[in-house]
Amino acid sequence: VVYIELPAGYKAADIAISSVRLNGTIPAEPWPYAVGDHDKDGIPDLMVKFKRSDAINLLPNGDKVTVRVTGTVGTTTFEGVDTIRVIP
């Protein structure tokens, strides 16, 4: 699961879900998705999911694994990077 929050001037609801990729290769699932405010900061975000088996096959186990999410909103490309813990 990924929550995408965009800077001012862009709307999470306008993100093309079909463009969202994890580490450049794994597409976001077309359903379920939702616009909400997961972190409760007053800025809408888009929740998308990736197929678990695809992520398991792509990501190495480790305490500090860098993940990158990319996509488009209108004609603008966005990228977000985070570090997660991946357990076997």
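**Close-up 1. A hairpin joins strand 6 and strand 7.** Two residues lie between these strands, and G74 in the turn has a positive phi of about 65°. Strands here are DSSP runs of E with at least two residues, numbered from the N terminus. This is a predicted model, in which local features need pLDDT of at least 70 and side-chain atom pairs count only at pLDDT 80 or more, while totals for chains, interfaces and linings use all residues. Residues are numbered from 1 along each chain as its sequence is written, and side-chain values use heavy atoms, with hydrogens and water left out. Strand 6 covers residues 62–73, strand 7 covers residues 76–86, and the two pair in the antiparallel sense over 10 bridges. Two strands count as paired if DSSP finds at least two bridges between them.

**Close-up 2. T70 of strand 6 has partners in strand 2 and strand 7.** Strand 2 (residues 21–22) runs antiparallel to strand 6, and two bridges join them. In this pairing, R21 has T70 as its bridge partner. Over in strand 7, E79 stands opposite T70. Have a look at S19 too, in the loop between strand 1 and strand 2. S19 touches T70, G71 and T72, leaving out residues up to four places away in sequence; contact means heavy atoms within 4.5 Å. A polar atom of the S19 side chain also lies 2.6 Å from the backbone oxygen of A16.

**Close-up 3. Strands 1, 5 and 4 make an open sheet in the order 1-5-4, with antiparallel pairing.** The edge strands are strand 1 and strand 4 (34–36), each pairing on one side only. On average, neighbouring strands of this sheet are turned by 30° against each other, direction ignored; the axes behind this angle are lines fitted to C-alpha atoms, and angles run from 0 to 180 degrees between N-to-C directions. Four bridges connect strand 1 with strand 5 in the antiparallel sense. For I4, the bridge partner in strand 5 is L46.

**Close-up 4. The largest nonpolar core holds 21 residues.** Such a core is a set of buried Ala, Val, Leu, Ile, Met, Phe, Trp, Tyr and Cys residues joined through side-chain atoms within 4.5 Å. I4, I15, V20, L22, V48, F50 and F78 touch the most other members. Strand 1 (2–5), strand 5 (45–48), strand 6 and strand 7 each supply at least two residues of this core, and strand 6 gives the most, with four. Leaving aside residues up to four places away in sequence, V48 touches V1, V2, I4, I17, V20, A28, P32 and Y33.

**Close-up 5. I15 sits in the loop between strand 1 and strand 2.** I15 counts as buried because its relative accessible area is 6%; buried means under 20%, exposed over 50% and partly exposed in between, using a 1.4 Å probe and protein chains only. Beyond its neighbours within four places in sequence, I15 is in contact with I4, L6, V20, L46, T72, V73 and F78. To place I15 in the wider fold, note that its C-alpha atom is separated by 28 Å from that of P60, 45 residues apart along the chain.

**Close-up 6. W31 and Y33 form an edge-to-face aromatic pair.** Rings of Phe, Tyr and Trp (its six-membered ring) pair if their centres lie within 6.5 Å, with planes under 30 degrees apart stacked, over 60 edge-to-face and the rest tilted. The count by this rule is one aromatic pair. Its centres are 5.5 Å apart, with 85° between the planes. W31 is exposed, at 62% relative accessibility, whereas Y33 is partly exposed, at 37%.

How values were computed
A polar contact is a pair of N or O atoms within 3.5 Å; within protein, one must be able to donate a hydrogen and the other to accept it, and residues adjacent in sequence count only if both atoms are side-chain atoms.
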